[in-house]
Amino acid sequence: MTAADTEQFDVVVVGGGPAGSSLSTLVAMRGHRVLLLEKEKFPRYQIGESLLPATVLGTCNLLGVGDELRRAGFTVKRGGSFKWGTNPEPWTLDFVASIPGLQVPEPAYQVERMKFDDLLLRNARRNGVDVRENCTVGGVLRDGDRVTGVRFVDREAQPRTALARYVVDASGNGSRIHQEVSGQRIYSDFFRNIALFGYFRGGKRLPAPYSGNILSAAFKSGWFWYIPLRPDLTSVGAVVSREMADKVRGDREQALRALIAESPLISDFLDGVPRVTEGVYGTIRTRKDYSYSAPSFWRPGMVLVGDAACFVDPVLSSGVHLATYSGLLAARSINAVLAGDVPEATAFDEFESRYRREYGNFYEFLVSFYDRHVDENSYFWSAKKITNHPASDLEAFTSLVGGLTTGEQVATEDGIWQPPAIELGTAAGRYPDWDTDRHIRFDPRHPIFEARQWVPGGVPHQGPRPGGLIPSSDGLQWTVPASQPSAG
C-alpha cells in the first residue's frame, strides 16, 4: 500500500442506508470531511418501507429533505391499523388525532426504500459528503485501542486505505466490522422470529382517510404486515415464531400462500391479486433472528449506528426511525468532539444512553404487545407505564409508536413543535428490579437491560440532567446546559 492509496478524512462512514446517509450529512453540515463507502450501487432494494412521524417531521427536516420527501409522491401514512388483541374488529391509531399539537397533513409515509434511501444518499452528496458506491470495506485500522481508519476495495477493485478521526459502522445487520466494537451480538430470546415476505400487484385498502395505513394482522401462527406502497404495489409479510418454522420451509410461494390462507382478513384483502414475479420485487424473501443488540455501541474512534448496533421486531415499523435517530445522535457526538467542546467519553455516553433508551422503550413495549389476550386499552396503558408519559394512555401509545418519546423537535404547519417532556423519575433504576414473574418470557439478560445507563447511579436516560448534555440550537451537536459547569 503506497501513500497515494491512503486518504485522510475526519469521518469515514461504512454504509449508505438511512443511518449512514443521515449521520454523514449532519457531520458534513458542520464543515467536516466525510467519506461514505457503500458496497452497492444505488438505488438498490431494501426491506422496511413504513416510516414514523419522528423521521418524517424531525430528522428529515433537519437534513433539509422535508420538502423533497413531500414532493416524492409516497403514500401518506396517517397511522396504523391493527387486527390485534381480543378486539374482534380491526382498530386504528391516528397520529394527528391522538396527539394534541401534532397538526400535520402528512405525518408519515409508506416508502419504497429504493427511492427513499437514494433520496437521502443524494442529499448527502449535495451537502459535501464524498460518496463512493461499489466500495467494499474489508476491515478497520487501529493504533493501540483506538480505531483510526478502514481498508477498502474501490469500484475499480483497487485496495485503498482511508484514515479518520472516527469510523462509523452503518452497514446494517450484515455488517462485517461490528465485532470491532461489540464482539458478538446478543439475540433476544423473546423475539426469535422468522419473516417470509413478498409483493403483490395491488390489493384492497382500508377506508379513507386511512387507506395508506400499515395493517398489522395477528393470526394463529403469527402476524402479517400489509403495507400499501402504491395503488399497484403492496408489501406483505408473515412473521412466525421459531416454533412455527416448518411453515416457512420448502417452496416459498406455497408457504406464503398457505400462511395467507390462515388469515381471513389478509386473504380477503389479497383475493384475486397476483404476486409480483419479476424485478426487484419479484422474489419471496426471508429474514430471521432479527432482534438483537450489541453489548457496546462505541469504542475510541468507532461507533455503531442503525442495524449495525441493534434491531427489534418490526411490528411497529421502528427500523428506519431507530436508524436515522441513531445517526442524528452519533453525529451530534462526533461534531461536539471534533469542535473540542465535549470530551469523547461524555459525548458518546450521551449517544449510547439515548439510543438504548429509545430501543429499550420499543423492546419492552413489544414484550407486552405480543400478549394478544388483552385489548388495545391495555396496550395504551403499557405504553404510558413504560415511557412515564405525562399525558393520556392513548397519547403515550401514539407517541411511542410514532417515535416521539425522544423529545426531539418536529415540524408542523404552525412551526416547530416540542413533544411533552417525559418524566424520567425512577426510570434509571427500574430495570434491574423488573418483575419477571409478570412477563414470563422477558429476558433480563438481554444487554439493553444490563446497560450501565439503566443501573442506579449510572448514566440516566436523557438530558438535560446533572452531568448530561443537550442539543445545540441548530441540533447538530451536544452542548453543556448553561446551568452546568463546562464539560471541557
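**Helix α12 and its neighbours**

Modeller: Seven of the nine residues of helix α12 (residues 393-401) are buried (under 20% relative accessible area, 1.4 Å probe, protein chains only), so α12 is largely enclosed by the rest of the structure. This is a predicted model, where local features need pLDDT of at least 70, side-chain atom pairs count only at pLDDT 80 or more, and totals for chains, interfaces and linings use all residues. Residues are numbered from 1 along each chain as its sequence is written, and side-chain values use heavy atoms, leaving out hydrogens and water.

Colleague: Which residues of α12 are buried?

Modeller: Glu395, Ala396, Phe397, Thr398, Ser399, Leu400 and Val401.

Colleague: And what covers them?

Modeller: The cover includes β5 (91-94), α4 (95-98), α10 and α11. Helices here are DSSP runs of H or I, at least four residues, and strands are runs of E, at least two, numbered from the N terminus.

Colleague: How do α10 and α11 pack?

Modeller: α10 (residues 344-369) and α11 (residues 376-387) pack at an angle of about 150°, with axes 10 Å apart. That makes α10 roughly antiparallel to α11 (angles over 145 degrees count as that).

Colleague: Which residues make that contact?

Modeller: From α10, Asn361, Glu364, Phe365, Ser368 and Phe369; from α11, Tyr379, Ser382, Ala383, Ile386 and Thr387. Contact means heavy atoms within 4.5 Å.

Colleague: New topic: how many helices and strands are in the chain?

Modeller: There are 13 helices and 24 strands.

Colleague: How much of the chain counts as buried?

Modeller: 59% of its 488 residues.

Technical notes
Axes fitted to C-alpha atoms, helices over the stretch in contact; angles between N-to-C directions. Parallel < 35°, antiparallel > 145°, perpendicular 65-115°, else oblique. Buried < 20%, exposed > 50% of the residue type's maximum accessible area, 1.4 Å probe, protein only.
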